[in-house]
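Reader: I am in my first year and still learning how to read a structure like this one. Could you choose a single part, look at it closely with me, and explain step by step how its pieces fit together?

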Amino acid sequence: MRMMILALALVVSAGLAWAGEADVVDAKATRGADGTYRFDVTLRHADEGWEHYADAWDVLAPDGTVLGTRVLYHPHVDEQPFTRSLSGVKIPAGVTEVTIRAHDKVHEHGGKELTLTLP
């Protein structure tokens, strides 16, 4: 019985990891009249449902400071890749490029990141 429970636990946990890490595949930054930025970011992740999906992306300064985070509240199983936006991001003076990284519920950060030169 213990072996069956262990085997079932391994199958379930392996299934959760199957989707892999979330990757940033494209990003665009637009500077607004007020000096803040809007980011349109495209992610790819083999979302499997509520237990394993891309659940956020971040805009990072070159020193790793998180300048903005777009939270994703549901899986995008049938919509891959998908694009979501974040407006009102304040970029410190002197910062000319940012890095966009994705996050998923199982692997957290670790997929393909994208460095973007600001307009």
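**Salt bridges, a sheet and a core**

Author: Let us begin with Arg 38, which counts as partly exposed at 37% relative accessibility, and keep in mind throughout that what we are looking at is a predicted model. The side chain of Arg 38 meets that of Asp 40 in a salt bridge, with 2.8 Å from N to O. Asp 40, for its part, has a relative accessibility of 16%, and because the limit for calling a residue buried is under 20%, Asp 40 falls on the buried side.

The count of salt bridges comes to 2, and the other place to look is Arg 101, which forms a salt bridge with Asp 58, where the closest N and O atoms are 2.9 Å apart. This pair links distant parts of the chain, since Arg 101 sits in strand β6 and Asp 58 in strand β3, with their positions 43 residues apart. Both Arg 101 and Asp 58 are buried.

These two strands lead us to the sheet, an open one in which 4 strands follow the order β4-β3-β6-β7 with antiparallel pairing. At its edges stand β4 (66–71) and β7, and because each of them has a single partner strand, one side of each is left without a neighbour in the sheet. On average, and with direction ignored, neighbouring strands here are turned by 25° against each other. If you follow β6 across to β7, you will find 4 bridges joining these antiparallel strands, and one residue to trace is Thr 99, whose bridge partner in β7 is Thr 115.

From the strands we can turn to the nonpolar residues. In soluble globular proteins, nonpolar side chains tend to be buried together. The largest nonpolar core here has 22 residues, of which Phe 39, Val 41, Leu 43, Trp 57, Val 98 and Ile 100 touch the most other members. At least two residues of this core come from each of β1 (23–31), β2 (37–44), β3 (54–60), β5 (82–89), β6 (97–104) and β7 (114–117), and β2 gives the most, with 4 residues.

Finally, the aromatic rings give a count of 2 pairs. In one of them, Trp 50 and Tyr 53 are arranged edge-to-face, with 5.9 Å from centre to centre and 85° between the planes. The partners differ in their surroundings, for Trp 50 is exposed at a relative accessible area of 55%, whereas Tyr 53 is buried at 6%.

How values were computed. Residues numbered from 1 in each chain as written. Predicted model: local features only at pLDDT ≥ 70, side-chain atom pairs only at ≥ 80, totals over all residues. Heavy atoms only, no water. Core = buried A, V, L, I, M, F, W, Y, C linked by side-chain atoms within 4.5 Å. Buried < 20%, exposed > 50% of the residue type's maximum accessible area, 1.4 Å probe, protein only. Phe/Tyr/Trp six-rings, centres within 6.5 Å; stacked < 30°, edge-to-face > 60°. Salt bridge = Lys/Arg side-chain N within 4 Å of Asp/Glu carboxyl O. Pairing = 2+ DSSP bridges. Axes fitted to C-alpha atoms, helices over the stretch in contact; angles between N-to-C directions.
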